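Here are some exercises to work through with the structure in view. Try each task yourself before you read its solution.

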Amino acid sequence: MTASTSAPRVRIQTEDFDLSQETLALRADDGGVGAVVSFVGTVRDQVGGEALSQMELEHYPGMTESSIESMVDEAFKRFNIRGARVIHRVGVLPACAQIVLVLVSSAHRGEAFQACEFLMDYLKTQAPFWKKETLASGARWVDARVTDDAALARWGIQSANAQ
């Protein structure tokens, strides 16, 4: 195990995260890292042309972390990666706030890109989060999208939503 994997791989938190600090922590003392790929998701300020003021995210503590940990384990099995970290925010987030961070390190970029995309496809469909958007017309819960299910299917995983 490298030093970069000694920190928690999965964190669910209300506070914001710093991409630079998280990247440095992931690759700390691991001279075998040749690539770090990151994905930062943000809360859009519009949905279907309508202004969004905030998004509220809920989760089941313990269950959510365990589910994401299992998928990080799967990423290590499928791809030749050296480290991975997923940070997902919960609570009420304003438009344009950072919501999710996926970081993957590897010796070469290809594996890191694939593993990062794999983890994001999983997070979009399978991680137990519930999202409520607040728009000018009112609040509504966000349903799963067919395009997200199709993205997960390319990895050989069927979404619970598609069953």
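**Exercise 1. Write down the order of helices and strands from the N terminus on.**

Step 1: Find the elements, which are DSSP runs numbered from the N terminus: helices (H or I) of at least four residues and strands (E) of at least two. Step 2: Walk along the protein chain from the N terminus, and you read β-α-β-β-β-α-β-β-β-α-β-β-α. Step 3: Check your tally against 4 helices and 9 strands.

A word on the model: it is predicted, so local features need pLDDT of at least 70 and side-chain atom pairs count only at pLDDT 80 or more, while totals for chains, interfaces and linings use all residues. Residues are numbered from 1 along each chain as its sequence is written, and side-chain values use heavy atoms, leaving out hydrogens and water.

**Exercise 2. Decide whether Thr23 is buried or exposed, and list what Thr23 touches.**

Step 1: Locate Thr23 in helix H1, residues 19–27. Step 2: Recall the classes: buried is under 20% relative accessible area, exposed over 50% and partly exposed in between (1.4 Å probe, protein chains only). Step 3: With a relative accessible area of 18%, Thr23 is buried. Step 4: Look for contacts (heavy atoms within 4.5 Å). Not counting residues up to four places away in sequence, Thr23 touches Val36 and Leu103.

**Exercise 3. Classify the ring pair of Tyr60 and Trp130.**

Step 1: Rings of Phe, Tyr and Trp (its six-membered ring) pair if their centres lie within 6.5 Å; planes under 30 degrees apart are stacked, over 60 edge-to-face and the rest tilted. Step 2: The whole structure holds 2 aromatic pairs. In the one formed by Tyr60 and Trp130, the centres are 5.0 Å apart and the planes at 75°, so this pair is edge-to-face. Step 3: Tyr60 sits in the loop between strand E4 (50–59) and helix H2 (63–78), and Trp130 in strand E8 (residues 129–135), so the pair ties together parts 70 residues apart in sequence.

**Exercise 4. Find which element gives the most residues to the largest nonpolar core.**

Step 1: Such a core is a set of buried Ala, Val, Leu, Ile, Met, Phe, Trp, Tyr and Cys residues joined through side-chain atoms within 4.5 Å. Step 2: The largest has 36 residues, and Phe118, Leu119 and Leu123 are among those with the most contacts inside it. Step 3: The top contributor is H3, with 8 residues. Step 4: Leu119 touches residues including Met71, Val102 and Val104, not counting those up to four places away in sequence.
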